[in-house]
Amino acid sequence: MQKTKKGWTMAGPLHRGASVGRIANLDSLDSQMKERSEKEDADKGRMSTDHISLSLCFLISSIFPNSSSKSSISENGFGADPCNTGVSRTRQSFILQFIKFSLVLIVFFALSGSVWWMISISTTSRGYTFRGYWWLQEQLISDLSEIGELSLNFASSAGELEFCSQDFENHVSCWNISENLASGYSDGSEYDHHCGHGSKPSCLVLPPKNYKIPLRWPTGRDLIWFANVKITAQEVLSSGSLTKRMMMLEDDQISFRSDSLMFDGVEDYSHQIAEMIGLRNESSFIQAGVRTVLDIGCGFGSFGAHLFSKQILTICIANYEASGSQVQLTLERGLPAMIGSFITKQLPYPSLSFDMLHCARCGIDWDQKDGIFLVEADRVLKPGGYFVWTSPLTRVQGLPSDKENKKKWNLVRSFAENLCWDILSLQDETVVWKKTSKRSCYAYRKSGSNPPICSKDQDVESPYYCPLQLCIGGTLSRRWFPIEDQTTWPSRAKLNLSLLQIYGVHPEYFAEDTVNWNSAVRNYWSLLSPVIFSDHPKRPGDEDPSPPFNMLRNVLDMNARFGGFNNALLESGKNVWVMNVVPTSGSNYLPLILDRGFIGALHDWCEAFPSYPRTYDMVHADGLLSLETGQQHRCTVLNIFTEIDRLLRPEGWVILRDTAALIESARGLTMRLRWEARVVEIETNSDERILICQKPFLRRQM
């Protein structure tokens with residue numbers, strides 16, 4: 001026996017030598033037996049004893065053919081037979097006990113080895129059939145350091161997650177007003193982002209009782225199911241403002257139709273804004289450099305819905321609302337929106353992000369707090385961009401009796417002038433300002449003008465819910481270029497060499513990223529095809545039908561990098577919009593994404609995303625697991641997955657792309673969320689895998 005690193009095993013040379021030794025001792029034994037057979041009737045008791053001894057010696061000699069001790073060597077140099085009949089009974093007894101002990105050890109280690117082998121096979125055969133044992137060992141060793149804590153987070157043995165109570169149907173952690181008030185926030189700050197209190201639910205949010213799958217775009221833009229959103233009939237009937245447009249309650253649907261002459265107000269309104277800028281109509285916004293619009297207090301998204309047909313991308317931001325939410329209804333219509341408030345904190349956008357800001361009776365008191373809200377609006381507005389404000393406050397010039405409102409208007413007008421904004425036009429209740437395109441404007445302001453220019457330490461290009469700054473930001477940015485000098489859409493999405501240098505991106509790397517994502521999107525679409533039509537089985541021999549171009553509408557990219565996934569979807573003709581999220585734990589390319597004419601935001605995925613439950617048709621994440629597991633963990637991967645489930649609509653899709661080890665672990669986690677999941681290989685020699693998941697349509701048992 002010899003000891004190895006894995007346990008006790010029989011030594012190879014011992015087996016080979018035993019067979020030779022056994023043959024040599026058999027010849028000697030046969031000659032002795034022949035001599036004794038000639039002595040008839042000689043001391044039968046002794047013969048019996050000798051026979052036992054010889055049998056024992058045969059076994060010993062077979063196992064230890066060369067086991068002569070030093071004491072057994074004779075003076076002539078030949079070894080004395082260790083098994084002669086003169087050996088004492090004490091020694092025979094000792095040898096017999098030794099053999100018994102050896103046999104026990106052999107049986108013990110044989111059984112132990114079998115059990116270890118069975119355990120190793122059972123634990124390594126999950127998910128894949130490996131080609132060879134040695135390949136398995138090498139793969140396990142290389143993946144142990146990467147899996148780490150994930151192996152604990154992804155363990156599916158804990159069982160399926162429970163369902164949340166009905167109170168969570170429209171719950172958004174970090175934006176819960178009642179929790180914020182209970183924590184002492186007031187004076188409007190209760191509407192801001194606060195994640196330091198309360199608990200993120202570790203349960204699955206179920207849809208409302210009568211929830212229905214949203215209608216596909218563009219039908220779903222004008223018709224939504226009443227039960228899908230939290231709104232009262234009274235709130236529907238009282239929504240007749242300019243950009244909310246009148247909603248009509250038709251049986252179990254809410255209608256936003258615009259085919260009647262009664263409801264063409266938004267089209268006339270947007271046409272008026274274009275003329276105030278000096279354009280022929282709203283179709284000319286693209287030629288004027290306008291592609292992205294931040295709509296503050298958007299109503300129910302009708303302004304953005306109209307501009308979308310003109311290739312203008314509008315994102316709505318509004319406060320969290322427990323009922324009749326502007327953000328929830330806008331997203332339900334298939335339009336970009338997110339919860340946002342800058343009462344005390346900056347928005348999660350870089351400086352110089354949008355071509356136009358729009359506020360139509362949005363509820364912001366721009367004259368309050370020394371104009372700090374206007375300063376934040378100026379920070380996210382691009383040089384040469386437009387600020388459009390519609391409010392009854394702008395009509396007080398002809399009403400000398402309304403001194404209070406006239407004072408407010410004069411404060412806003414004076415402050416906008418200090419920001420280097422020029423009034424282009426004032427008609428009815430609408431005023432349009434244009435932000436300066438020249439940095440030198442700030443140097444020519446009157447001495448002591450407020451607000452001052454931000455210092456280098458204050459001018460953070462991409463803040464994440466930092467306190468509002470009462471200073472002009474973005475003036476030190478290398479991205480200061482007027483919108484009229486930008487390449488117009490859609491060429492704007494293809495960044496030139498000089499812009500890539502500003503972002504620190506090599507042109508070849510950017511081009512390769514574009515090619516890879518174009519190929520990936522084609523593959524993604526084909527992978528969804530066999531499952532999305534599972535309710536319409538194909539006939540034997542038929543090819544899988546191609547998914548329709550409008551199969552998806554609201555898409556969330558959790559780790560957008562350069563926005564390549566967004567770009568590939570648009571180039572392939574998919575009628576979608578993408579919320580490009582840049583994690584705070586990774587490299588920040590959000591300025592690049594916004595300058596390409598896309599929309600997005602910074603976000604920490606250990607917090608709740610500022611959106612209501614059931615608002616996205618697809619959630620995509622490339623490399624997010626590798627990114628998040630490499631950070632100091634403040635949350636588990638299970639927390640991230642439950643957040644994905646909250647944001648995803650029933651029958652919505654999840655596409656995760658990452659290393660094979662992380663994807664296989666994530667596959668086990670999907671069982672706890674009740675997702676249908678399958679793993680797809682990307683290339684034969686690639687270490688990456690794709691995890692395709694679909695969220696089931698589960699209803700609450702009443």
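Helix α9 (residues 265-277) offers a simple check on geometry: at 1.5 Å a residue, its 13 residues should span 18 Å, and the end C-alpha atoms are 19 Å apart, which agrees. The expected span here is 1.5 Å times one less than the number of residues. Helices (H or I, at least four residues) and strands (E, at least two) are DSSP runs, numbered from the N terminus. The model is a predicted one, in which local features need pLDDT of at least 70 and side-chain atom pairs count only at pLDDT 80 or more, while totals for chains, interfaces and linings use all residues. Residues are numbered from 1 along each chain as its sequence is written, and side-chain values use heavy atoms, with hydrogens and water left out.

The buried residues of α9 are Val266, Tyr269, Ser270, Gln272, Ile273, Ala274, Met276 and Ile277. Buried means under 20% relative accessible area, exposed over 50%, and partly exposed in between (1.4 Å probe, protein chains only). Their cover includes α10 (302-308) as well as the strands β9 (354-360), β10 (381-390), β11 (421-427) and β12 (430-435). Just after α9 comes glycine 278, with a positive phi near 110 degrees.

Further along the chain, seven strands form an open sheet in the order β15-β14-β13-β16-β17-β19-β18, with mixed pairing. Two strands pair if DSSP finds at least two bridges between them. β15 (599-603) and β18 (676-681) stand at the edges with a single partner strand each, so one side of each has no neighbour in the sheet. From one strand to the next, the twist averages 20 degrees. β18 runs antiparallel to β19 (residues 688-694), and six bridges join the two. Within this pair, arginine 678 stands opposite isoleucine 692 in β19. Helix α20 (residues 637-647) packs on the sheet, touching β13 (554-557), β16 (616-622) and β17 (648-659), and its direction makes about 145 degrees with that of β17. Such angles run from 0 to 180 degrees between N-to-C directions, with axes fitted to C-alpha atoms, for helices over the stretch in contact.

Strand β16 also holds aspartate 622, which counts as buried because its relative accessibility is 10%. Leaving aside neighbours within four places in sequence, aspartate 622 is in contact (heavy atoms within 4.5 Å) with Trp517, Asn559, Arg561 and Arg657.

Taken as a whole, the protein has 21 helices and 19 strands, and buried residues make up 49% of its 702 residues. Among contacts between residues at least 6 apart in sequence, 71% join residues at least 24 apart.
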